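Here is a short guided look at one protein chain. Keep the picture open while you read, and find each part as it is named.

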Amino acid sequence: MAGKGSNSVQVRHYNERVVLESIRKLTEASKADVARYANLTPAAIAMIIDALESSGFIKQIGKRFGQRGQPSIMYRLVPERAYSIGIRIGRRALDAVLVDFAGAIQAQESHEYAFPEPDHVRRSGNNAIKAFKDWLGKDLQSRLVGIGIAAPYFLGGWGEELGFPPELSSKWEEVDLPALFANDDDIPVYIENDGSAAALAELVGGNGARFDDFMHISIDTLIGGGLVQNGQLQTGPNGNTAALGPFPVSRSNLASVKAPPGPFDILLHRASVYVLVDHLRASGVEVFRVRELDPPSPGSREPIAQWQADCADAIAQAIVGIISIVDIEAVIIDSILPRIILQDLVAGIQSRLRDVVPVGLLVPEIIVGSVGRLGSAIGGAMLPIYARFAPDSSVLVKKSQLRKPLLVGSRTMNAAEIGRIAASK
């Protein structure tokens with residue numbers, strides 16, 4: 001390690017992060033549990049856990065009986081040790097959450113709109129931030145470690161499909177997203193694609209916690225995705241990894257879907273919630289928000305089933321393309337859709353995959369996500385916590401070797417600042 005520019009202080013900070021992440025994943029754990037999970041020696045784990053406990057990051061919650069030897073002391077994260085705000089800017093709504101150090105939601109707000117006009121989004125986000133700070137009070141506001149914003153790329157795009165004003169796209173091109181919301185306290189701001197943020201939420205506190213490699217598919221107003229490999233969120237050099245919307249698929253069988261100009265269509269034209277809403281309206285069922293389909297009315301069931309079959313076929317095609325390139329254990333599918341509609345859709349995808357997967361590919365497990373509508377907001381809230389407390393191999397590298405800048409706020413941090421954050425608790 002020394003030959004790679006590491007020293008004992010950096011290794012200790014890295015191992016502290018590994019221990020915190022292990023306890024986060026296990027929810028509660030003994031020192032022996034953490035040693036096995038983190039692949040560190042019991043002596044090292046004992047020293048780190050004692051230090052983290054004395055610093056107020058973890059606490060004892062009792063003893064576990066019923067195993068060999070002495071009862072094991074169990075540890076958990078201290079929820080009130082840190083807080084974070086997550087804001088998801090969607091195309092039809094803004095969702096905001098306040099989460100604690102353990103990732104539990106302490107407060108939440110949602111603001112709906114017909115389209116994401118920047119000034120309206122700004123006001124809604126600022127109202128949520130103020131409400132969360134009021135909830136924390138003066139004593140706990142100092143423990144607010146950051147604001148994470150999850151937003152789709154090309155936020156004003158696809159206006160023709162969604163009925164947005166033509167000038168909306170150019171308005172968003174002029175927005176400095178990290179500086180969009182009021183930030184008088186100069187709290188660090190982190191930005192991530194909403195699909196990747198939803199994948200992070202599933203990784204941290206959902207069904208993704210049991211997989212090291214999975215694709216997360218978010219069936220939202222427009223479909224999106226996120227990729228996790230080796231237990232880490234992958235975003236790519238442009239932050240656009242797993243942008244599933246433009247994935248080429250065959251033409252839709254629905255009469256309500258406009259035929260593409262070429263031989264192929266794209267996934268978002270077949271597997272997005274707006275397509276379901278348009279198909280329902282074309283079938284004589286007036287609906288604007290998919291929550292109106294919980295439960296589905298008798299007249300909506302047939303067009304919903306038609307869309308589910310068409311959507312399942314398109315997503316199955318996309319999964320075949322994904323697993324042709326990336327070896328993954330699972331595909332986790334979540335949505336703003338009512339759960340019964342999502343569960344039926346996932347069952348349809350599983351069935352369709354059995355028909356279309358060619359020889360030579362290994363079919364991953366296809367499961368329903370567990371985070372739901374707030375996934376992107378929760379993932380956004382986890383961005384500051386992960387930046388401050390999760391394992392990061394850059395902690396083991398000397399500052400002079402850091403090359404890739406980290407976007408925080410409306411500016412880029414230099415290597416010295418990255419080093420200070422990496423070493424902080």
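## A parallel pair to begin with

This is a predicted model. A good starting point is strand S3, residues 83-89, which pairs with strand S6, residues 144-151. The two strands run in the parallel sense, and five bridges link them. Look along this pair for Ile87, which stands opposite Ile149 in S6.

## The whole sheet

Now widen your view: S3 and S6 belong to an open sheet of five strands, in the order S5-S4-S3-S6-S7, with mixed pairing. At the edges sit strand S5 (105-112) and strand S7 (189-193), and each of these pairs on one side only. From one strand to the next, the twist averages 15°.

A helix also meets this sheet. Helix H11, made of residues 375-389, lies across S3, S4, S5, S6 and S7. Its direction is at about 140° to S3.

## Two helices that cross

Next, find helix H9 (residues 301-325) and helix H10 (residues 339-356). Their axes come within 8 Å and cross at roughly 50°. How are the two helices oriented to each other? H9 and H10 are oblique, because an angle of this kind falls outside the ranges for roughly parallel, antiparallel or perpendicular. The crossing of H9 past H10 is right-handed.

Which residues make the contact? On H9 they include Ile304, Trp307, Ala312 and Val320, while H10 contributes residues including Ile341, Leu345, Gly348 and Arg352. Sorted by class, the contact has 13 nonpolar, two polar and three charged residues.

Methods. Residues numbered from 1 in each chain as written. Predicted model: local features only at pLDDT ≥ 70, side-chain atom pairs only at ≥ 80, totals over all residues. Heavy atoms only, no water. Pairing = 2+ DSSP bridges. Helix = DSSP H or I, 4+ residues; strand = E, 2+ residues; numbered from the N terminus. Axes fitted to C-alpha atoms, helices over the stretch in contact; angles between N-to-C directions. Contact = heavy atoms within 4.5 Å. Parallel < 35°, antiparallel > 145°, perpendicular 65-115°, else oblique. Left-handed = near helix turned anticlockwise from the far one by under 90°. Nonpolar A, V, L, I, M, F, W, Y, C, P; charged D, E, K, R; others polar.
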